[in-house]
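Here are a few notes to read alongside the model, written for someone meeting this kind of structure early in their studies. Please keep the sequence and the 3D view open while going through the points.

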Amino acid sequence: MAQELGIGLISVGWMGRLHSRAYRALPDHFPELDVSPRFVVAADPVPQAAAEAVSRLGYERSVSDYREVLADPAVDVVSICSPNFLHREMAVAAAAAGKPFWIEKPMGRYASDSRQIADAVASAGVITCVGFNYRHAPAIERMKKLVSDGRLGRITNVRGTLLADYSSNPLAPLTWRFERERAGSGVLGDLLSHGLDLAQYVVGRIASVSAMAETFITERPVPAAGVVDRSAAGSGELKRVENDDYAALLMRFENGAVGTMDSSRIMRGPRAEYALEVYGTLGSVRWDFQRLNELEVCLPDDSEAGEYGYSTVYMSPGHGEFGRFQPGGGTGMGFDDLKTIEAAQFVASVLSGTQIAPSVADGLAAAAIVEAAEKSLVDGAWHDVPPVDGPLTYAAPTPAL
Ligand SMILES: NC(=O)c1ccc[n+]([C@@H]2O[C@H](COP(=O)([O-])OP(=O)(O)OC[C@H]3O[C@@H](n4cnc5c(N)ncnc54)[C@H](O)[C@@H]3O)[C@@H](O)[C@H]2O)c1
């Protein structure tokens, strides 16, 4: 009989609901893990969210205080899906309670939050997972393999773009995402942390950066009472936006490659254009999350004379974990599936006692780059990114599940 896995959820927002769906999908897509998720308890101070955890997501009970989740002996693993300013306190408490946890990115508001989380995890010795879900796209796994097999030759440069429209409406309310005290940086932490992790996952450690950033929508309406939805209308009162709408980085990788990466949350046009392009002396590969199941590949050695250029490769069984979701190429995977793979890596890590999933050390590695970029915003100079200790997984070969 499958082993019961007690799930405790902290925060029942977008990510809390998605983590829950991901655990639920495990027996179907990763049957060899042989786990049966039991939805024990969810915590959220908003009564409607707490009630939905029971009525829609199937948790046995809900509470308003997250500490009750950590204290429940039936909880084997915890998902921390709260706003950034609560990550440090909750993650440190989860580690102290000896609970393995899966935390959303960016891991805390600043690198100082991330360091405290990583230290607490190192002391407690618990398994962790950080929500760097784009790593799990089959196209990214394919990209990583082409790079590590040397098919692109020596990697010369990387281009990353993370262009979103989620804050493009200037009348959308000023939620926690726009406040320094509760979010930390703007797109630097929110979106570039994803892109920086992807670049390190595919190409290797980023050693130094220089950055610029700008805030274009400088004031936003204060949310009407009780509003947490970023698309809802705000009240009439305006408040200052305290973090970046746009940020751009120049990057030097430890292996000699160079790169650029920029990000915006106020684009009109791109919806969620999260793209990574890797160029080498023999070929190149390009991927965009908006076309999740496609990889553009140029490998001139493989092409016939006169057909030099990009081919579109549709993800198929054999590319990453694609075959667990669809039997044939051209039938697409979706965003939720990336989270299911992440849940599987987390649970496989917990069951084996080996850190396979993106770890809090990886979370700190991304935060350390953001910290170096923020120093560059102050003095305009290049800043080195200090190496991170701990179980980094970005440089490891793709784990076999
Ligand atoms: N991996 C990804 O691609 C991705 C995508 C979106 C968000 N995120 C991250 O996930 C986290 C949450 O974002 P979201 O979009 O789900 O936010 P959200 O606003 O949809 O949900 C946040 C929830 O936290 C709850 N909350 C507030 N205070 C709390 C407390 N004291 N205890 C417990 N719960 C509390 C709120 O009531 C709300 O239900 C953020 O760190 C964000 O950066 C990651």
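1. In this predicted model, the C-alpha centres of domain 1 and domain 2 lie 24 Å apart. The domain assignment of the protein chain places domain 1 at 3-133, while domain 2 is made of two stretches, 136-333 + 353-384.

2. The contact between these domains takes 26 residues from domain 1 and 32 residues from domain 2. Domain 1 and domain 2 bury about 2500 Å² between them, and 60% of this area is on carbon and sulfur atoms. On the domain 1 side, the residues that lose the most area to domain 2 are His29, Arg109 and Phe132, which together make up 25% of what that side buries.

3. Which parts of the chain surround the ligand? Domain 1 and domain 2 each give at least three residues to the shell around the ligand, and helix 1 (14-29), helix 4 (87-96) and helix 10 (335-352) each supply at least two. Sorted by class, this shell holds 14 nonpolar, eight polar and seven charged residues.

4. Among the 29 residues around the ligand, those that come nearest are Ser11, Asp44, Asn84, Glu104 and Asn133. For Asp44, a polar side-chain atom lies 2.6 Å from an oxygen atom of the ligand, and a polar side-chain atom of His194 lies 3.2 Å from an oxygen atom of the ligand. At Gly131 a polar backbone atom takes this role, lying 3.2 Å from a nitrogen atom of the ligand. Of the 850 Å² of accessible area that the ligand has on its own, the protein covers 86%.

Methods
Residues are numbered from 1 along each chain as its sequence is written. This is a predicted model: local features need pLDDT of at least 70, side-chain atom pairs count only at pLDDT 80 or more; totals for chains, interfaces and linings use all residues. Side-chain values use heavy atoms; hydrogens and water are left out. A residue is near a molecule or strand if one of its heavy atoms lies within 4 Å of it. A polar contact is a pair of N or O atoms within 3.5 Å; within protein, one must be able to donate a hydrogen and the other to accept it, and residues adjacent in sequence count only if both atoms are side-chain atoms. Accessible areas come from the Shrake-Rupley method with a 1.4 Å probe; for residues, only the protein chains shown count as cover. Helices (H or I, at least four residues) and strands (E, at least two) are DSSP runs, numbered from the N terminus. Ala, Val, Leu, Ile, Met, Phe, Trp, Tyr, Cys and Pro count as nonpolar, Asp, Glu, Lys and Arg as charged, and the others, Gly among them, as polar. Domain bounds come from an automatic or database domain assignment. Contact means heavy atoms within 4.5 Å. Buried area is the accessible area (1.4 Å probe) that two parts lose on being put together, summed over both.
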